[in-house]
Amino acid sequence: MSDLPEYDHAEAGLSRRDFLRTSGAAATAAALAEAPLTHAEEAPAKIATKAIGPQPVQLTLDVNGAAMTTTIEPRVTLLDALRNYLDVTGCKRVCDRGTCGACTVMLDGKPVYSCTLLALEAEGKKIRTAESLIDGGKLDAVPAAFVKHDAQQCGFCTPGFVVAMRAAFDQNPNATPAEIEEALSGNICRCGTYQQMRDAIAALCKNQPGLGARRKEG
Amino acid sequence: MKNFTYYRPLTAEQAVALLDDKWGTAELLAGGTDLLDLQKEYIAQPDKIVSLRDVRSLSGIRATPQNLTIAAGTTLAEIAAHRDVRRLFPALAAAAGDIGGPQIRNMGTLGGNLCQRNRCWYFRDEHTPCLLKGGDKCFAIDGENRYHAIFTQGHKCVIVNPSTLAPVLIALGAQADVFGPKGSRKISLAEFFHAPSSASEREHVLAPNEMVMAVTVPAAGAKNASYEVRHKQSYDWPLVQAAVAFQYDNQRAKNVRIVLGHVAPVPHVAAVAAKVLEGKEVTEATASAAGEAATEGAMPLSQNAYKVKLVAVAVKRALLTAAGHKKYWEV
Amino acid sequence: MATSWPKKRRLIGSKIQRLDGPAKATGKAKYSYDINRKGMLHAVLLRSPYAHAKIKSLDTNDAEKMPGVKAIHPIKNVGDELFWAGEEILGLAADTEEHALDAVRAVKIEYEVLPHLVKEEDALKNDPQTVSPVGGKRTNVLAAKEATSEGFEKGMADAAMIVEGSYGVPTICHQCLEAHGLVAEWNADGELTVWASTQAVTATAAILAQHFRLPANKVKCITHYMGGGFGSKFGPDIQGIVAAELARKAQAPVKLMLDRASEITAGGSRPSAYGKVKIGATKDGKVTAYEVDCYGTPGVGLSDTVTFNALPYVYPFEYKRKHTRIRTNTQLQRAMRAPNHPQNCALTEFILDDLAAKLEMDPMQLRLKNLPQNDANAIQNAPHSLPALRHTIYTREIEIAAALSKWKEKWHPPGKSPGIVKHGIGMALHTWAGQAVPQRNECTVIIRADGSVTARTSTQDLGTGQRTVTALVTAEILGLEPEQIALEFGESPNGASSGSGGSTTIPSQAPATLRAATAARDELFAKIAPKLQAKAEDLVLERGKVVDRASGKSWDWKKACAALGEEKAQATGFWTAAESNKPENKDVSSSGVGGVQIAEVLVDTETGVVRCTQIVAVQDCGMVVNRLTCESQVAGGVIMGLNYALFEERIMDRATGRQVNPDMEFYKLGGIEDMPKILVHLHDMPERGVIGVGEPPVISTHAAIGNAIFNALGVRVPHTPFTPERVLAALAAKGGGQ
């Protein structure tokens, strides 16, 4: 939950609590289950976990900085919650199987497939869609580059690509074109706008200083 | 998909308490990239979904001088980017870093990757009653099997195990920490996988109410590499994969392990190939010989004999990569 | 009065950014799939799981009682025979999509399962009679079409060199990213509005009007944005009609969009073509005869899977051609971006390189030697037509492509590339029409007193950039900038227009826009001249202003328009094929393009993996209107052709009769990392007027790639997609891998 300490999972390794559970110095593997629970936040195993659903439940999502509330069954994906229940339609449903990227949104800054995420799983996380990349008519650098270099035709895949690219530059403002292409490897375009996308990528990579700063906070 | 009750336990104990002792009625939810697909196809129709998102003990990577422990909820992206993974186990970083695309890697977890269901298109079609869904035949054997197993001897179901991490972890001698109602146990990754042939079996040996907590990889200083042959450069499944690990003492390969992925219902340990290389220097000639030897025992199906040649090439290239040779195939 | 393009062109031919780019790139553009109407229901279809079956029983009682169900509409009934897996049986609407999916699964239906046939090669061995009767007969193998030219026998006899081969392309699917479907809403007056994902706005409205027996003006189709058609979306289809029926029954708006598996299995396919080809030539490379015996499947339908009269393709050889259609228990094929031309191209261009190899000739030289000549008659009577210019166009395009691709440096005899990873270069030609259609296409331009301008048309922009073209042409005539033109697009009441098929939209619409803007301008002049104390005939438009040539006075645009007072200046322009053929309108729009593509590949001979490194596409399309979006169209077609060459294949299972890859996982499409460098060169020919270019660039790409692979390996990989498996098989057949 949001009041527990954040991990830097990739760098800091396990917390001390977890170290006690998994340390090679622990007596047996059974220590994993039998280690005494040492923190108040830990819910004792005996307390039943709350059941959510199957009937519709109220859910509030942080979408582009705004709290949006709806009532959905647990089986509703984040994609369908956004599109069908919250009328946030920038992310698209195409394959609905996590293979084409048209449903890409950012979740706490990371690009994910919203079609293979339950809406409930996104609770408490920051969801950002392509709609956040325009502010009163002014385009963020990434969609602006798409427009300038004509990296869209029918446009149905475009929001997914734009979000994936924006997330990539946010993560690494000094990304090379090859790194950005890798960041787009989970997205498919049927009209074939990749050549124009490469022009956009080249232009964005050249203008690197301050790329991250150009993104609107929200 | 069928509707369900959703749970968010905070501990492994709570999670396990929610699972049933038979497959089908309850499922663990990690990244969701496999489970939700299965649900949308009605292949999985659980009444209970047990989300692991808030189980803190499932996150983190910790290095000691002896080994690296990766908690099962670690994402593929986190594994691929981790400093110690990249330093000690370039095979693992490479394998994790090329699975799917960035979105998959941001969502998919180690535990999910090891426990995922197979990708056979007959299995995943609700309207095709194959062995794994309680039917009485395998549709791939006489059907469309270009992506299926080539090590088919004794198998009624000719899926390939879809995990790209598994061959690497097996080659590296990794162990899984598994937790269930009876407590914890360790399972060597080499014994973790299973060839299913009925609706009550899965691609691994866990009981329906067990879960992977972490995987520990011994930091034995082995040279290691993973090589995939893929049709597409972007998001695609490997056609075949070879994962190799060996000690390299005075230009002599010791404790050679060669494990093939995506060619058999379980990751395929190419023991003969490892023996062929054992004690030798890794050269183009010895790597080729090991590659050929790795195809021993292959009994391909009607459409996938091409994978046999790919196995030989993948093993050769993985060995040459691990030994630090120039990658002649990159121009 | 004659119509013509302005001699001095400021905007036409330049690069203008797509006006709807910002909306698309930020997810603000609303497609049919995005429309959420108040009280809207979600509908799904029940489809046959079997490739051939009869409905034995059908009971919807349980389904009707499921939560949220509001209406059910039957399509098929008990006793009906179904002919392909995916065939539609009924539609059901419920308050949420989840409830609709639950309910459709509660329909109780029993089938009598019948024998099916889904693979072409099976029908050649045995005609199992699994499809619907045609002329009283159920045969799967239709009588072959055959034709032989007079000089064929002699031509083949005269050949010093004869080469034979078998080549083929499988059935592929459109894979529009936005699925087929629409939102249907009735109002209290019995009028129907649909937001349809369609490439034919007026036809969609008309078909619905016909179905519901309504006057045309009672049905409105709205398509502001649509996510891809590629030839598969020319009407409401069964799902659109069912959605409207459900909406009427439930008295609520209904959204019915196909899921991906249905989109692939029921939303359209490009049919297969497999053929044995034989070609004869003189020792120095003059082709004397060409013979093809080919077959393919239009699914349950009856269409040819090649353009029969264009075999051989592009080149004027003496011929003997035979085509057999094999009906299978799969969906009806639909037009797909340059229908049947890619198949023709495969059956012609592959054997040319095989012949060149046997003759030890550079295949570019072989082609130059065998190009169709400029037709003497056409030179006299229609000097800007393709027959009059084809030799000139192809030689020039080949010259340009050769220079851009550095063919001279890079070409080597087939197989003579050293190393494990082999380099290859190959080429192919194509042709297309792309003319104005017989039907009327209209555009209306309105100039208001506040200086605002609107261009209104019912036509659709499926990503072609037609919206921006319309703004560009209007702005050109009115001395304004494209962004100043407000566009009303894609609503059927906005006037007459035709579907975007055959690459006919720009040659039909742009002249209509030209006329409308010109007439609106003239009406503006007529209305404001008195106020400006000028004569209408002395007024001209320069950039941003109205100028009186007689006095030298000028007014900026807004000031001049203010002189309209309470009025506006409005005109509707139209265009048809007949208009384009009138002598006074010559060279406004025309028809007939060529096109040359050169592909380079690297083939890993150990793994069989092909990587395409560069494609040069030289394309003529008459007068380029928006250079930016035109180049995008060409590059996009090339990428579709590359996918055809390397990745796409519909795979049917013999036993179950079902497609095993109705998805985007194993039905493969390239991502950005699979893409070569694409060099597009537009071969401008403004004297020919506007010609459509949406389709031609997709035609020859796979053939250029196939020829490049042949050049790399010295052995032919005869079928697309050129997968590692097929490449290794070809190498093995040659003998011993590398």
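This is a chat between a student and a tutor about a predicted model, going from its cysteines to a chain interface and some backbone oddities.

Student: How do you know that Cys100(A) is in no disulfide?

Tutor: Start with the total, which is 0 disulfides over all chains. For Cys100(A), the nearest cysteine sulfur belongs to Cys95(A) and is 3.7 Å away. A disulfide needs the two sulfur atoms within 2.5 Å, so that pair doesn't make the cut.

Student: What about Cys115(A), what keeps it out of a disulfide?

Tutor: Run the test again with Cys103(A), whose sulfur is the nearest cysteine sulfur to that of Cys115(A), at 3.7 Å. The cut-off is 2.5 Å, so Cys115(A) is in no disulfide.

Student: Why is Cys100(A) called buried?

Tutor: Its relative accessible area is 5%, and buried means under 20%, so Cys100(A) qualifies. Cys115(A) passes that test too, because its relative accessibility is 2%.

Student: How much of chain A counts as buried?

Tutor: That would be 60% of its 218 residues. The chain has 9 helices and 8 strands. Among its contacts between residues at least 6 apart in sequence, 53% join residues at least 24 apart.

Student: On to the interface. How many residues of chain A are in contact with chain C?

Tutor: On the chain A side there are 52, and they touch 58 residues of chain C. The area buried between the two chains is about 4500 Å², with carbon and sulfur atoms giving 53% of it. Gln153(A), Arg190(A) and Tyr194(A) supply 19% of what chain A buries there, more than any other three residues.

Student: What makes Arg18(C) and Asp150(A) a salt bridge?

Tutor: Their closest N and O atoms are 2.8 Å apart. The limit is 4 Å between a side-chain nitrogen of Lys or Arg and a carboxyl oxygen of Asp or Glu, so the pair counts. Chain A and chain C have 7 salt bridges between them, and 29 residue pairs are in polar contact.

Student: Which helix gives the most to the side of chain A that touches chain C?

Tutor: That's H8(A), with 6 residues. By class, this side of chain A has 24 nonpolar, 14 polar and 14 charged residues.

Student: Now the backbone. Which peptide bond in chain A is cis, and what is its omega?

Tutor: Look at the bond joining Gly53(A) and Pro54(A), where omega is about 5°. Pro54(A) sits in the loop between strand E1 (51–52) and strand E2 (57–63). Chain C has a cis bond from Leu311(C) to Pro312(C), with omega near 10°. Find Pro312(C) in the loop between strand E16 (287–296) and strand E17 (319–325) of chain C.

Student: What is notable about the phi of Asp87(A)?

Tutor: Phi is near 55° there, a positive value in a residue other than glycine. Asp87(A) lies in the loop between H4 and strand E4 (104–107) of chain A.

Student: Why is Asp87(A) called partly exposed?

Tutor: Its relative accessibility is 41%, and partly exposed runs between 20% and 50%, so the label fits.

Student: And Gln175(C), buried or exposed?

Tutor: Buried, because its relative accessibility is 1% and the cut-off is under 20%. Gln175(C) isn't a glycine either, yet it has a positive phi of about 50°. Look for it in the loop between strand E9 (172–173) and strand E10 (181–186) of chain C.

Terms used. Residues numbered from 1 in each chain as written. Chains lettered and ligands numbered in written order. Predicted model: local features only at pLDDT ≥ 70, side-chain atom pairs only at ≥ 80, totals over all residues. Heavy atoms only, no water. Buried < 20%, exposed > 50% of the residue type's maximum accessible area, 1.4 Å probe, protein only. Contact = heavy atoms within 4.5 Å. Buried area = accessible area lost by both parts, 1.4 Å probe. Polar contact = N/O pair within 3.5 Å; in protein donor to acceptor, adjacent residues only side chain to side chain. Helix = DSSP H or I, 4+ residues; strand = E, 2+ residues; numbered from the N terminus. Nonpolar A, V, L, I, M, F, W, Y, C, P; charged D, E, K, R; others polar.
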